[in-house]
Amino acid sequence: MTRGAAARHGFGVDPASASAVAGRARTENFPVASLLFPRAVRPHLRAIYAFARLVDILGDEYKGDRPVALDELERELEACYESEPTWEVMRLLQPTIRDCELPREPFLRLIEANRIDQRVSSYETWADVKHYCVHSADPVGRLVLGVLGRAEPELVALSDDVCTGLQLVNFLQDVPRDLVLGRVYMPAEDLRRFGVTELAGANEPLRRLLEFEAERARGLLGPGEELGRRLGGRSGRGVALFARGGLAALEALERAEWDIFNGRPRPSRARLALEAIR
């Protein structure tokens with residue numbers, strides 16, 4: 001995707017530029033938490049974050065042919081391993097891949113999640129949603145563990161739960177946005193269980209559904225403290241903050257009485273800072 005092509009398709013800046021991606025980071029949990037990590041690993045975490053954001057931009061906002069753009073991104077990823085990529089975000093990612101010996105699979109899963117978004121608009125069961133999260137969320141945690149050199153199976157399992165929980169929190173916050181994109185991530189079986197027939201405005205069945213899914217998310221985020229304890233040190237504190245940020249977001253939703261239609265309830269930076277010093 002050239003810079004000119006990006007402008008023609010409605011972006012003010014090239015979405016594959018590092019500055020465009022960094023502009024999305026001001027209030028998000030991942031960049032805030034990453035400040036707790038040792039200085040030496042922060043550039044690697046920023047490179048992973050930039051890739052994940054780039055994939056989402058291409059899958060959610062790109063005005064051209066999104067599957068073609070995602071295919072092009074996969075070719076850029078392959079170039080990171082075999083030659084030299086051309087997109088700025090990917091050029092910054094390549095040293096992280098090489099220095100940390102990161103495998104292709106988590107990156108490919110993130111791309112596949114956005115391919116799924118182009119062809120799937122709803123999910124019947126929680127198992128279906130969780131399978132989507134295996135592609136859309138869990139790879140990020142696995143890449144973080146890869147950067148830390150701690151990709152032991154038991155830590156990966158804890159990380160997968162936390163990342164799925166964080167993804168579910170985002171789904172709860174973003175119901176209106178996802179509707180605009182033509183997607184519903186709340187399981188259809190749960191919609192029926194709570195009698196939800198309207199997702200475009202506040203109503204009591206939807207409030208009860210959001211409360212139910214929030215409890216599910218809390219259970220998934222619970223292993224975050226154990227994961228942080230096992231990792232130890234600054235890195236453990238940083239990883240634990242990912243989960244705490246998700247729990248703080250759930251508290252913000254609760255304080256807003258599950259009103260997701262008048263702004264996106266989320267914890268303040270001050271709230272995340274308090275969690276960081278716990």
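**Entry 1: a charge over a ring**

I started with Arg104, which lies over the face of Tyr81, at 4.3 Å from the ring centre. A reminder to myself: this is a predicted model.

**Entry 2: the chain overall**

Next I looked up the fold in outline. I find 16 helices and zero strands in the protein chain. Of its 278 residues, 54% are buried. I also checked how far along the sequence the contacts reach: among those with a separation of 6 or more, 67% join residues 24 or more positions apart. For the accessible surface I get about 12600 Å², and carbon and sulfur atoms hold 52% of that.

**Entry 3: the core**

Which residues touch the most other members of the largest nonpolar core? I get Phe51, Leu73 and Met90, in a core of 74 residues. I then followed Phe51 outward, skipping its neighbours within four places in sequence. What is left in contact with Phe51 is Leu73, Val89, Met90, Leu93, Phe107, Leu110 and Ile111. So two of my threads meet here, Phe51 touching Leu73 and Met90, both of them on the list of residues with the most core partners.

**Entry 4: helix H6**

Some of those Phe51 partners sent me to helix H6, residues 88-100. Val89, Met90 and Leu93 are among its buried residues, and each of these is in contact with Phe51. The rest of the buried set in H6 is Gln94, Thr96, Ile97 and Cys100. I checked the length too: 13 residues reach 19 Å from first C-alpha to last, close to the 18 Å expected. Just after H6 comes Glu101, and I noted its positive phi, near 55°.

**Entry 5: helix H10**

H10 runs over residues 153-173, which makes 21 residues. Its C-alpha span from first to last is 30 Å, close to the expected 30 Å. Is H10 mostly covered or mostly open? Mostly covered: I have 16 of its 21 residues down as buried.

**Entry 6: aromatic pairs**

I went through the rings and the count comes to eight aromatic pairs. In one of them, Tyr123 and Tyr132 have ring centres 5.7 Å apart and planes at 50°, so I filed the pair as tilted. Both of these tyrosines are buried. Phe194 and Phe212 make another tilted pair, with centres 5.2 Å apart and planes at 50°. That second pair links distant parts of the chain, 18 residues apart: Phe194 sits in the loop between helix H12 (188-193) and H13, while Phe212 is in helix H13.

Buried or partly exposed for these two phenylalanines? Phe194 has 13% relative accessibility and the cut-off for buried is under 20%, so Phe194 counts as buried. Phe212 has 24%, so I wrote down partly exposed.

I also found a cluster: ring pairs link Tyr123, Tyr132, Phe171 and Tyr185.

**Entry 7: Arg218**

Last stop was Arg218, which sits in helix H13, residues 204-221. H13 is the helix that holds Phe212 as well. With a relative accessible area of 22%, Arg218 is partly exposed. Which residues does Arg218 contact beyond its neighbours within four places in sequence? My list is Leu247, Leu250 and Glu254. I looked closer at Leu250: Arg218 is 32 residues from it in sequence, yet the two C-alpha atoms are 8.1 Å apart in space.

How values were computed. Residues are numbered from 1 along each chain as its sequence is written. This is a predicted model: local features need pLDDT of at least 70, side-chain atom pairs count only at pLDDT 80 or more; totals for chains, interfaces and linings use all residues. Side-chain values use heavy atoms; hydrogens and water are left out. Helices (H or I, at least four residues) and strands (E, at least two) are DSSP runs, numbered from the N terminus. Buried means under 20% relative accessible area, exposed over 50%, partly exposed in between (1.4 Å probe, protein chains only). Contact means heavy atoms within 4.5 Å. Accessible areas come from the Shrake-Rupley method with a 1.4 Å probe; for residues, only the protein chains shown count as cover. The expected span of a helix is 1.5 Å times one less than its number of residues. A nonpolar core is a set of buried Ala, Val, Leu, Ile, Met, Phe, Trp, Tyr and Cys residues joined through side-chain atoms within 4.5 Å. Rings of Phe, Tyr and Trp (its six-membered ring) pair if their centres lie within 6.5 Å; planes under 30 degrees apart count as stacked, over 60 as edge-to-face and the rest as tilted. A charge sits over a ring if NZ of Lys or CZ of Arg is within 6 Å of the ring centre and within 35 degrees of the ring normal.
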